[in-house]
Each structure stands twice: as C-alpha cells, then as structure tokens.
Amino acid sequence: MTVAIDLSETSQTSDSPEQSQAPEVSPLSEEFDGAEWSEPAAEPAAESAAGAVAEPGHESGEASAEVSPLVARDAREFGVYARTGGWAFGLRVARSVRPGGQPAGETPKVSAKEFAALADCSPERVMRYYKAWDKAADDGVVPHFEALAPGEEVELPGADLWLTYYSSRSSAGSERGTAIAEAAEAEGIRPTKALEVAENPTALRAAIMADPSTARAARHALLDRIKEDPDLQAELARDIVRTDDLKKAVASESRSADRVGYVRQIAESGQVKTPAGQTIEAPVDLRQEAERHLSLLDELDEDEDTGEWASEAYDTLKNLVVEAVEADPELRVQERRTKFYSSLTKATKAFEELTFDDVQEFAEDDMVQQLVELQEAIASCITALRGARTPSA
C-alpha cells in the first residue's frame, strides 16, 4: 500500500496568532533508535481535507475550530509517520541531499554534512537514511535521488517495508554487522534488534543473569555455535574443567548419559555386556524391560533431569543381566571363566611392570616378604588349577 503525503513548507502570515509560538525548525517524530533530526516546520493548511484532524468525541474527520493549528500539525505529522514510518524522513533526505559526485552549483540540494548541520544531527544518521533510500530506489520502490527536487512530494511505501532497507546501527555496514543481520533475518527477526543486542553485551549479560528463559535461549545459541567454532569449544571446555561445580555437573551428566546409552544399546541392538565383559544376546524379557525404560526416558522433557531415571533403569537392567547369567549354567561357567582370565591378565600385566634396575637403592625386607607371599599364592593357584583338571585327564 502506498500513501501520498504533503509535507511542503509554507510561510506563516504575519497576523497568525500562533506565529510567536512556532519555532523556525520543529522536530518530527523520533525514529526507532533515538531522537531524530529536526525538519523545517510544515504549516497547517486549514483548507486541506488531509489536514483535518478529528477532535476526540467527533465522528467527522474535520478538526474542531478550537484545535490549535500547532496541535493539528503535530497530529498530521504523526499520521504521516504512522502510515509511512521512516519513509517520511527518508524522502526529506532524498529530495534535499545531493547525490555523491554532483557539483553543488548544479542543484539547490546540499551535502549530507550541510543537511546534518541544519538538522542538528550527525552526518552518519543522515547517511543511513540516504543509503536506505538508495537501496529502495535500486529496487524500484521509490524514485532515484536525481528525480527528486526539494519540496517535491511522492507516494511513499508502507511503514513495514522501511525496515527492509534501513538499519539504525552504524555497525550494520561492517562484516560483523552484516553477519549478524543475515543471522537475524534467518531467525525471522529484525536485524536492528540483533545489532542492538550485539552492541550491548553488558545488557545481554544482565538479561541472562536475571531471566531463566533468556539464559536458556543463550545456552541453545552457544550449543549451535560451538558445532562450527572449535575455538569456542576449547574455551568452554577450559572454563568447565577450571570450575569445580561445573566439572562435577559434567561428570554427573556424563554418567547419566552412559547409563542411558547402556539401556538404549540393549533395547535397540538386543545385545548386552555381562559384568565380566562378555557380549551376549539379551533374553526377550530383558530386552522388553529395556524398551520400557527407554520409552520413559525418551518422554522426559529436554530440560528435565534424567539422572534419577537413568540410575533406576541402569540398576534394574544390571540386576536382570546378573540373574540371566546365573539362570543359565553354561553361561554362568563362561562368565566365571571370563572373569578369571580378566583378573589373571591384569595381575600378569601389573607384575610385568615391576622393574629391578635400581632395586639396590630402595630394596626393603617388606618388599621381599610380599613377593614371597605372592609366590606362595601363585603356587597355590597353580596347584588348584592342576587339581581341577586331574579328573578330566
């Protein structure tokens, strides 16, 4: 939708009762990001239907004779801004600031710097409007600068379209600002909002500290970010290991995740590891119990603590595995054989790690006594094994 506006400047007559009150330059509505530059006052046109403002309680669109012309002017300017947003300001820049490269003598327009001085604002602010209008003109939304003359009126687009071209942040033109703006658009929010947050990290910290929902949003964002940022991964890992409470929390969550993984392995693959380390086919009732517990775990909310549920499921299944092993004579023997071999392998490895190169420097009687006892234990073990094998020989 387009809206035609009439913001032409006219002179007040000397006998106007409001002349002494009207400033030479009157400020217009403030822009989104702060106080806006001042514009030459547009005088009320009493004979214009567009200038008529209904007094509260009046159903007609005509202004009451008692309404001050200054009030009527403010209402008209407010209506223009409500319908067109920043386009109303952009038009004033577009028709009054000469395009780059155009000599001053060829046009009554002024430079952005001169316009800013007249408006009592920064040239950077003026140029943000200039650039927004330029982008819109390239898209055919509004006329190009060269087609506009000071005081000329054109139909303006609706207010919602303005934010497509305008950025109130000077950082938006930087590489960092461009990346933030693109990410904001991908999330379906206005780039100006994201840029404002990026320029106020202290405000972001305050919001995270004070509001749980903001903290959760920040956590999700960080998790998404670290997938593609190895440096951030390393920094967060260092922060965690250097903070005792976080380190304990990570260890607890890791333990819960391992237990959930144990349950999932049984439910999905149908295989289970015994206490001795054997991998066997899970009995039907064991697998069904694992599926039941896994279903309960998967129904938990993302932010819900799984620790207690995971521990219960893990302990239940571990006990069922032990019962299954004990209930099968052949499996029970194999389990004990596997456990014996595991212990024997560990003991052998531990003994092989003993070195006697410099033993003369630290040798003590207790060491000799422990080795003698170990030798006797090994001899007893050998005798027992040989005796166990005699009946089958």
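**Secondary structure.** I counted elements first. The protein has 15 helices and 6 strands. I note that this is a predicted model.

**Burial and surface.** I then looked up how much of the chain is covered. Of the 393 residues, 28% are buried. The exposed area comes to about 25,900 Å². Carbon and sulfur atoms supply 52% of that area.

**Contacts.** I took the contacts between residues at least 6 apart in sequence. In this set, 60% join residues at least 24 apart.

**Largest pocket.** I went to the pockets next. The largest has a volume of about 1,100 Å³. I find 23 residues in its lining. Nearest its centre lie Ile180, Ala194, Val197, Leu204 and Ala221. Four elements each give two or more residues to this lining: α6 (175-187), α7 (191-198), α8 (201-210) and α9 (212-226). Helix α9 gives the largest share, 8 residues. By class I get 16 nonpolar, 2 polar and 5 charged lining residues.

**Second largest pocket.** Here I read a volume of about 860 Å³. The lining holds 24 residues, and Arg219, Leu223, Ile240, Leu246 and Val250 are the closest to the centre. The elements that give two or more residues are α9, α10 (230-241) and α11 (244-269). Helix α11 has the largest share, with 7 residues. The class count is 14 nonpolar, 3 polar and 7 charged.

**Cross-check.** I compared the two lists of elements. Helix α9 gives two or more residues to the lining of the largest pocket, and α9 also does so for the second largest pocket.

Conventions: Residues are numbered from 1 along each chain as its sequence is written. This is a predicted model: local features need pLDDT of at least 70, side-chain atom pairs count only at pLDDT 80 or more; totals for chains, interfaces and linings use all residues. Side-chain values use heavy atoms; hydrogens and water are left out. Buried means under 20% relative accessible area, exposed over 50%, partly exposed in between (1.4 Å probe, protein chains only). Contact means heavy atoms within 4.5 Å. Accessible areas come from the Shrake-Rupley method with a 1.4 Å probe; for residues, only the protein chains shown count as cover. On a 1 Å grid over the protein atoms alone, a cavity is a set of points where a 1.4 Å probe fits but cannot get out, and a pocket is an open set with protein on both sides within 12 Å along at least five of seven lines; lining residues have an atom within 4 Å of a point. Grid points are joined across faces, edges and corners, and a volume is the space filled by probe spheres set on the points. Ala, Val, Leu, Ile, Met, Phe, Trp, Tyr, Cys and Pro count as nonpolar, Asp, Glu, Lys and Arg as charged, and the others, Gly among them, as polar.
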